[in-house]
Amino acid sequence: MNHEEKKEQIAAATWRVILRGGMKGATVRSIAKEADISLGALRHYFSTQDELLAYAMQLVRERANARIQAILSETLPPKTMVRRVLFEIVPLNEDTRAEMDVWLAYVFSLGRKADSLGVQQEIYSGIRKMIEYLDHRRLLREDLDKELTAETLYSLVDGLAMHAFLEPRRLTKERTAAVLTSYLDSICIEEA
């Protein structure tokens, strides 16, 4: 196993620890035990706990971006493409739910300093690009304010992610997908 693969293995152990015990349980000792390595070995890869946590969160971001890039490379109708990208941002399956749970535990632990990786700005920027894309393809309703529409969609995505985290039994993946699809339908005209 090479250096980067070992770091990813440790990051995966970090996610499991966070999922079981939250950020308070994510001590260097508990992560080393979960990864089945010594504290010294863990320190070889990550000199501080903050460095380890930042790496684990960056990996969540990279995985989501890779899935989104794969969708963008497909030949899909524009509205379908936007919907599928949105479905990668909110937790609709076990993998994305686990990533979101880990991400939110991390964000809550940092408070206002949470977006040191710039993810929220990246999501907002991506949503603005989706609105521009729909408008460019003449699918966005003409009577809409694009800035307000982007802000509304961003708030909807953020709220759905939060409530899927807090109330997973009520806000199922089917319900989450239906809410996003309904909003998308409300701002778009029918695709030809």
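Glu99 is buried in this predicted model, with a relative accessible area of 10%, and the residue lies in helix H6. Helix H6, residues 94-110, is also where confidence in the chain is lowest, at a mean pLDDT of 78. Two helix pairs, H4 with H5 and H1 with H2, and a second buried residue, Thr149, are described below.

**Buried residues**

- Apart from residues up to four places away in sequence, Glu99 touches Val60, Arg63 and Arg67.
- Because its relative accessible area of 10% falls under the 20% cut-off, Glu99 counts as buried.
- Thr149 belongs to helix H8, which spans residues 146-166.
- With a relative accessible area of 4%, Thr149 is likewise under the 20% limit and therefore buried.
- When neighbours within four places in sequence are set aside, the contacts of Thr149 are Ile131, Leu144, Tyr183 and Ile187.

**Packing of H4 and H5**

- Helix H4 (residues 49-72) packs with helix H5 (residues 78-89) at an angle of about 170°, and their axes lie 10 Å apart.
- H4 is therefore roughly antiparallel to H5, a term that applies to angles over 145 degrees.
- On the H4 side, the contact is made by Arg67, Ile68, Ile71 and Leu72.
- On the H5 side, the contributing residues are Met81, Arg84, Val85, Glu88 and Ile89.
- The residues of this contact comprise six nonpolar, three charged and no polar.
- Arg67 appears in two settings: it takes part in the contact of H4 with H5, and it touches Glu99.

**Crossing of H1 and H2**

- The axes of helix H1 (residues 3-21) and helix H2 (residues 28-35) come within 8 Å and cross at roughly 115°.
- The crossing of these two helices is right-handed.
- H1 contributes Gln9, Ile10, Ala13, Thr14, Arg16, Val17 and Arg20 to the contact.
- These residues meet Ser30, Ile31, Glu34 and Ala35 of H2.
- By class, the residues in the contact of H1 with H2 are five nonpolar, three polar and three charged.

**Confidence**

- The chain has a mean pLDDT of 86, and 94% of its residues reach 70 or more.
- Confidence is highest in helix H9 (residues 173-187), at a mean of 94.
- Where pLDDT is low, predicted coordinates should not be read in detail.

Technical notes:
Residues are numbered from 1 along each chain as its sequence is written. This is a predicted model: local features need pLDDT of at least 70, side-chain atom pairs count only at pLDDT 80 or more; totals for chains, interfaces and linings use all residues. Side-chain values use heavy atoms; hydrogens and water are left out. Axes are lines fitted to C-alpha atoms, for helices over the stretch in contact, and angles run from 0 to 180 degrees between N-to-C directions. Helices (H or I, at least four residues) and strands (E, at least two) are DSSP runs, numbered from the N terminus. Angles under 35 degrees count as roughly parallel, over 145 as roughly antiparallel, 65 to 115 as roughly perpendicular and the rest as oblique. Contact means heavy atoms within 4.5 Å. Ala, Val, Leu, Ile, Met, Phe, Trp, Tyr, Cys and Pro count as nonpolar, Asp, Glu, Lys and Arg as charged, and the others, Gly among them, as polar. A crossing is left-handed if the near helix is turned anticlockwise from the far one by less than a right angle, and right-handed if clockwise. pLDDT is the predictor's confidence in each residue, from 0 to 100. Buried means under 20% relative accessible area, exposed over 50%, partly exposed in between (1.4 Å probe, protein chains only).
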